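Open your viewer and load the model. We will go from stop to stop, with something to select at each one.

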Amino acid sequence: MPDTSARPLRADAQRNRDKLLDVAVRAFSRDGPDVTLDAIAKDAGVGIGTLYRHFPSREALVEAAYRNELARLCDAVPDLLRDAPPDEAMRRWMDRFVAYMTTKRGMAGALRAVIASGGNPFAQSRERLVAAITALLAAGARAGTLRSDVAPVDVLTSLSGISLAAGEPAQREQASRVLDLLMDGLRYRAVSNP
């Protein structure tokens, strides 16, 4: 079978793929691994054959849905930096990170099934997230709105902790307050001793 992964999809095929991924994220987050592929195809407004043309197995769909969410989060950085000052872009990205982690938690059962089948949906997650945070911190340091001495992995660890402690949808207000505290720490400038 020829490798078609390098060829770009037709516009209608790309729309179908995008719809399937959006529906899959919602379905796996809501219903876990028990959701049927037929239900996902129906909710996306496509036939099951279309689903299988894009994703030959349940595991392929779950992995693609997770990676798509990760890409959306990380690929948002340039737009956020274009539309807002770096410190505001960082804070907006943090909100997106918490939403991403909530989705990831909702998909936990489906992701475990992928891992059990030998897949590794998280293979590049840490590197992509650290790169996104690095770009935001660097822009903030250049603008003088964020500290230049912060390790991106420390920000990622902090965000992960906030997401674990207050990542449920009912805890959004608390998560927002804690993210504001983290931002205050990223903006703090130590006064040098005379």
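Begin with a cartoon view of the whole chain and follow the elements from the N terminus: they run α-α-α-α-α-α-α-α-α-α. That comes to 10 helices and zero strands. Keep in mind as you look around that this is a predicted model.

**The whole chain**

Show the C-alpha trace and turn it along its principal axes: these atoms fill a box of roughly 70 × 35 × 30 Å. Of the 194 residues, 40% count as buried. Now switch on the surface. Its accessible area comes to about 10700 Å², and carbon and sulfur atoms account for 53% of that.

If your viewer draws contacts, try those with a sequence separation of 6 or more: 69% of them are between residues 24 or more positions apart. Next, color by charge. The chain has 27 positive and 24 negative charges, and the mean positions of the two sets are 2 Å apart.

**Coloring by confidence**

Color by pLDDT next. The average over the chain is 89, and 94% of the residues score at least 70. Select residues 77–83, which form helix H5: here confidence is highest, at a mean of 98. The lowest is found in H7, with a mean of 85. Then jump to residues 190–194, where the pLDDT is below 50. Beyond near neighbours in sequence, that stretch has zero contacts in the model.

**Helix H7 and its cover**

Select residues 108–116 to bring up helix H7. Which of its residues are buried? Show side chains and pick out Gly109, Ala110, Leu111 and Val114. To see what covers them, add helix H1 (11–31), helix H4 (58–75) and helix H6 (86–106), which are among the covering parts. Before leaving, step just past the end of H7 to glycine 118, where phi is positive at about 105 degrees.

**Salt bridges from H1 to H4**

The structure holds 16 salt bridges, and we will call at a few of them. Select aspartate 22 and arginine 72: their side chains meet in a salt bridge with an N to O distance of 2.4 Å. Aspartate 22 sits in helix H1 and arginine 72 in helix H4, so this pair ties together parts that are 50 residues apart in sequence. How accessible are the two partners? Aspartate 22 is partly exposed, because its relative accessibility is 26%, and arginine 72 is also partly exposed, at 42%.

Keep those two on screen and add glutamate 69, another residue of helix H4. Is glutamate 69 buried or exposed? Its relative accessibility is 16%, so glutamate 69 counts as buried, the cut-off for buried being under 20%. Display its surroundings: leaving aside neighbours within four places in sequence, glutamate 69 is in contact with Val25, Tyr100 and Thr103.

**Two more salt bridges**

Move to arginine 10 and aspartate 12. They form a salt bridge, with the closest N and O atoms 3.0 Å apart. Arginine 10 counts as exposed, at 57% relative accessibility, whereas aspartate 12 is partly exposed at 33%.

Then select arginine 30 and aspartate 31, whose side chains meet in a salt bridge at 3.2 Å, N to O. Arginine 30 has a relative accessibility of 55% and counts as exposed, while aspartate 31 is partly exposed at 35%. Now bring back the earlier group: salt bridges that share partners join Asp22, Glu69 and Arg72 into one network.

**Leucine 186 in H10**

For the last stop, select residues 172–187, which make up helix H10, and find leucine 186 there. Leucine 186 is buried, with a relative accessible area of 4%. What does leucine 186 touch? Not counting residues up to four places away in sequence, the list is Met90, Met94, Leu137, Leu146, Arg147, Val150 and Val155. Show these as sticks around leucine 186 and you have its surroundings in view.

Finally, add glycine 140 and use the distance tool between C-alpha atoms. Leucine 186 and glycine 140 are 9.4 Å apart in space and 46 residues apart in sequence.

Definitions and conventions:
Residues are numbered from 1 along each chain as its sequence is written. This is a predicted model: local features need pLDDT of at least 70, side-chain atom pairs count only at pLDDT 80 or more; totals for chains, interfaces and linings use all residues. Side-chain values use heavy atoms; hydrogens and water are left out. Buried means under 20% relative accessible area, exposed over 50%, partly exposed in between (1.4 Å probe, protein chains only). Helices (H or I, at least four residues) and strands (E, at least two) are DSSP runs, numbered from the N terminus. Contact means heavy atoms within 4.5 Å. Accessible areas come from the Shrake-Rupley method with a 1.4 Å probe; for residues, only the protein chains shown count as cover. Lys and Arg count as positive and Asp and Glu as negative; His and the chain ends are not counted. The place of a charge is taken as NZ of Lys, CZ of Arg, CG of Asp or CD of Glu. pLDDT is the predictor's confidence in each residue, from 0 to 100. A salt bridge is a side-chain nitrogen of Lys or Arg within 4 Å of a carboxyl oxygen of Asp or Glu.
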